[in-house]
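I opened my notebook for this one with a short list of things to look up. Here is what I wrote down as I went along.

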Amino acid sequence: MRRTRRTWSWTFDLPPEELWPVLADTNRFNEAMGLPPYALEETPQPNGTVLRRGKGKAAGFTLEWEEKPYEWIHGRHFRQARTFTKGPFRRFGPVFDLEPDGAGGSKVSYALEWEPLTLMGRLFGKRLAEQAGAVVGKRILEAVAFAKGERPTFFELPAPELPEGARERAAAMAGEIDRGPYGNGLGGRLADVVLTGMASDLAHLKPKLLARQFQVAVRPAVEACLAGVRAGLLTMKWDLLCTNCRGPKLSASALSELPRGAHCPSCNIDYDRDFEKNVELSFAPAPTVRPILAGGFCLSGPMATPHVAVQLLLAPGERRSVEVDLPAGSYRLRTLHPGAFVDVEHDGRSPFPGLRVTAMGVEASDPGVFANDAGFEVAALIEDRTWTREALTAPEVISLQAFRDLFAAATLRPGDEAGVSQVALLFSDLQGSTALYERVGDAQAYNMVRDHFALLAGIVRDHDGAVVKTIGDAVMASFGDPANAVRAALAMQAAIASHELVLKLGVHVGPSVVVTLNDRLDYFGSTVNMAARLQGQSAGGDIVLSRAVADDPAVKSVLASVPTREESVALKGFTQPVRFVRTLSDN
């Protein structure tokens, strides 16, 4: 029986780049249409590809199908088809097109294509398409209204089914969050998200996206989520993201349970843990408040892998011309299954190279041409090699005071370690603390030192850092951003002056190794040693900064109005004299 197509069209006064993120979010759309979450059986094939089979029921029919990879060109087009082995259709799937209308708006086209397998499929297909199209049309209008800021949520959805007493429990937990030091007044809003949000968002709740939704800075949102775990509203998951599809293929509830690598059945690859890139902390509702069913509503749509700009499904021997217009950046040409790949540094002006797929992988070819000479069906793609900034990475988490306070027992497994390419470390020490005890007496001096620790810890937190440990009268603190470390150091010197104390400070930035020492997460390596040695060069009331810190562009801006002097010194453990910058008092 022949293939049939039904098309709906709209024109909107928003450009394609503003519509694509909401209209291409197939996971949200499928949930909004009332489709159930599903999982696929993924079977590796001898040629390296993966056969994806699904089962389910719809409109009284028992369905079995092969799920083909989505095809898309970012900002312009996507399509997908299921090939059925049981049910009334041979094929069924959507086709979506988005193009400028020439007046600053967009033309949107949505189509459903189906090929009946049986007479029932022929009779039922048109009615099913009309029903599905009407629902999609309604949801498209809602999503566009959300993109225009005319509604607070993507879709108007019925209230989810909740366990008995869930709202009361959530309200009590929200109160507990707000009573703690890290709730930031967000407990009620966080509970509302858990009770009313879409399941597709809540399965892997990302604090950075939540911060955007709440219109607050990232740190308060992260702190509120961490406080939500302690209150029982949320659970936390350390996700080990696949380096290809960047999906969370393995999750652990504790850092100590996170392995050094995993296997992604969707990409059919083994991949290693990179503490800095593919270890992400996400959250989910506690089951007693809002159980979330396993599986996804759409497992491979364009917004599921937003780093992929182009993905095409090519039949054996197929050649397809594609207009590829990408901004300057670092890209990779590869197939969805394992194989050779090509990295491209694109200047944004030259024609972007095409690709040719062989049995071994991908080769670069003439611009705009996608060719499959592999001898079997393949999905070929162009991906952006930069990692999303929406992920809350492990180094960011362990450099937050809230995490170290609320989850002090969070450690790596014995003998495990993790490298980070950059951490800014601040060391402080009180000058003349021994003389202080003799001058004012043990009790008063102890209270002054204790108050100084609390003062410094508050400043560290305010600048998105964490106190790693205290050693005698000294503090070691970590920051993800060297500019924040310098701002914190300046704030410390300004605040400590009124406490009749003199503070010595040193700051250095560089790579380090995260280890477990004395049952806490700590840093180890030459960056730690350098930061400690620089603090030893402080005369008190000043800040000693390594050249690596002082040369950071953001730090230069912070120090623009601060008097400084360049110096160098021979330090124990370092073969060459070390150059550094010392801040000077205005007096």
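Before the first lookup I needed a convention: a crossing is right-handed if the near helix is turned clockwise from the far one by less than a right angle, and left-handed if anticlockwise. I also noted that this is a predicted model.

**Entry 1: H4 and H5**

I started with helix H4 and helix H5 (residues 187-196). H4 passes H5 in a right-handed crossing. Their axes come within 8 Å and cross at roughly 150 degrees. Angles over 145 degrees count as roughly antiparallel, and H4 and H5 are therefore roughly antiparallel to each other.

Next I asked myself which residues of H4 and H5 meet. On the H4 side I found Ala166, Arg167, Ala170, Ala174, Ile177 and Asp178, and they meet Gly187, Gly188, Leu190, Ala191 and Leu195 in H5. Sorted by class, this contact has seven nonpolar, two polar and two charged residues.

**Entry 2: the buried side of H5**

I stayed with H5 and looked up its buried residues. They are Gly187, Leu190, Ala191, Val193, Val194 and Leu195. What do they pack against? I listed H4, helix H6 (199-202), helix H7 (207-214), H8, E10 and E14.

**Entry 3: H4 and H8**

H8 was on that list, so I turned to its packing with H4. Helix H4 (residues 166-179) and helix H8 (residues 218-231) pack at about 125 degrees, and their axes are 9 Å apart. That angle makes H4 oblique to H8. The crossing of H4 past H8 is right-handed.

The contact is made by Met173, Glu176 and Ile177 of H4, together with Ala224, Ala227, Gly228, Arg230 and Ala231 of H8. By class I have five nonpolar, one polar and two charged residues here. I put a mark beside Ile177, which appears in the H4 contact with H8 and also in the H4 contact with H5.

**Entry 4: the sheet with E10 and E14**

E10 and E14 came up with H5 too, so I looked at their sheet. It is an open sheet of three strands in the order E11-E10-E14, with antiparallel pairing. Strand E11 (248-252) and strand E14 (279-285) are the edge strands, and each pairs on one side only. From one strand to the next, the twist averages 40 degrees.

How many bridges join strand E10 (residues 234-241) to E14? I have seven, with the two strands running antiparallel. Leu240 stands opposite Val279 in E14.

**Entry 5: E15 and its partners**

Is strand E15 (residues 308-314) buried or exposed? Seven of its seven residues are buried, so E15 is largely enclosed by the rest of the structure.

I then looked up the strands that pair with E15. Strand E5 (residues 71-73) pairs with E15 in the antiparallel sense over two bridges, and the bridge partner of Trp72 in E15 is Gln311. Strand E22 (residues 378-384) also pairs with E15 in the antiparallel sense, over six bridges. For Val310, the bridge partner in E22 is Ile382.

**Entry 6: His337**

My last lookup was a single side chain. His337 lies in the loop between strand E17 (329-335) and strand E18 (342-346). Buried means under 20% relative accessible area, and at 8% relative accessibility His337 counts as buried.

Which residues does His337 touch, not counting those up to four places away in sequence? I wrote down Asn47, Gly48, Thr49, Cys267, Phe376 and Val378.

Methods. Residues numbered from 1 in each chain as written. Predicted model: local features only at pLDDT ≥ 70, side-chain atom pairs only at ≥ 80, totals over all residues. Heavy atoms only, no water. Axes fitted to C-alpha atoms, helices over the stretch in contact; angles between N-to-C directions. Helix = DSSP H or I, 4+ residues; strand = E, 2+ residues; numbered from the N terminus. Parallel < 35°, antiparallel > 145°, perpendicular 65-115°, else oblique. Contact = heavy atoms within 4.5 Å. Nonpolar A, V, L, I, M, F, W, Y, C, P; charged D, E, K, R; others polar. Pairing = 2+ DSSP bridges. Buried < 20%, exposed > 50% of the residue type's maximum accessible area, 1.4 Å probe, protein only.
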